[in-house]
Amino acid sequence: MAAHIPLAPVESSTEARIRTLASDLKQQPGALLPILHAVQDAFGYVPECTAAVLATELALSRAEVHGVISFYHHFRTRPAGAHVLHICRAEACQSMGSAALERDIKQLLNIDYHQTTADGSVTLEPVYCLGNCACSPNIRLDDAIHGRMTLARTERLLQQLKEGQA
């Protein structure tokens, strides 16, 4: 009778890519954050298997890795929409009306923070300073920061996205 030899679990291409990203950065002091940023840059979010892979790669517990992922608002655990809209919630923007802008944008898009519109076009995220305080309130649409924002200006930007002009 032949001996049963257990097969090693097959690693997904996602896990392999995460290991590659980790191997490139894990010698840095405090490597977990740079690796998580690299993972999110590569995938657009932090896949579910990341905590297990990085725990092994960095000799940490899964709980430690998951704690960092869940602590920082920047890390998404689900894919974002085609575009990401950040609304600044820092004090300067709050003092210039970002709370009302936030309310109006949520109503316009019919979503809350960390959600994506039904058509998958926009994910809404809070941000706590865009470094453009003199031009409050601010938003960031993808990589572009826009100051002195109103609902009307935001609607125009979103319309330009739909029309492929932005």
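I'll start at strand β4, which covers residues 139-141 and holds I139. Keep in mind that this is a predicted model.

Is I139 buried or exposed? Its relative accessible area is 0%. The cut-off for buried is under 20%, so I139 counts as buried.

What does I139 touch, once residues up to four places away in sequence are set aside? The list begins with L85, H86 and I87, then goes on to L101 and L130. After those come A144, I145, H146 and M149, and finally T154 and L157. One distance to go with that: T150 lies 11 residues from I139 along the chain, and their C-alpha atoms are 9.8 Å apart.

Now the overall layout. The protein is split into two domains: domain 1 runs over 13-71, and domain 2 over 83-163. Measuring over C-alpha atoms, the centres of domain 1 and domain 2 are separated by 29 Å.

Next, a pair of helices. Helix α3 is residues 50-58 and helix α4 is residues 62-71. Their axes come within 8 Å and cross at roughly 125°. Angles from 65 to 115 would count as roughly perpendicular and those over 145 as roughly antiparallel, so α3 and α4 are oblique to each other. The crossing of α3 past α4 is right-handed.

Which residues meet there? From α3 they are A51, A52, L54 and A55; from α4 they are R62, V65 and H66. Sorted by class, this contact has five nonpolar residues, one polar and one charged.

That is the tour: a buried I139 in β4, and an oblique pair of helices, α3 and α4.

Definitions and conventions: Residues are numbered from 1 along each chain as its sequence is written. This is a predicted model: local features need pLDDT of at least 70, side-chain atom pairs count only at pLDDT 80 or more; totals for chains, interfaces and linings use all residues. Side-chain values use heavy atoms; hydrogens and water are left out. Domain bounds come from an automatic or database domain assignment. Axes are lines fitted to C-alpha atoms, for helices over the stretch in contact, and angles run from 0 to 180 degrees between N-to-C directions. Helices (H or I, at least four residues) and strands (E, at least two) are DSSP runs, numbered from the N terminus. Angles under 35 degrees count as roughly parallel, over 145 as roughly antiparallel, 65 to 115 as roughly perpendicular and the rest as oblique. A crossing is left-handed if the near helix is turned anticlockwise from the far one by less than a right angle, and right-handed if clockwise. Contact means heavy atoms within 4.5 Å. Ala, Val, Leu, Ile, Met, Phe, Trp, Tyr, Cys and Pro count as nonpolar, Asp, Glu, Lys and Arg as charged, and the others, Gly among them, as polar. Buried means under 20% relative accessible area, exposed over 50%, partly exposed in between (1.4 Å probe, protein chains only).
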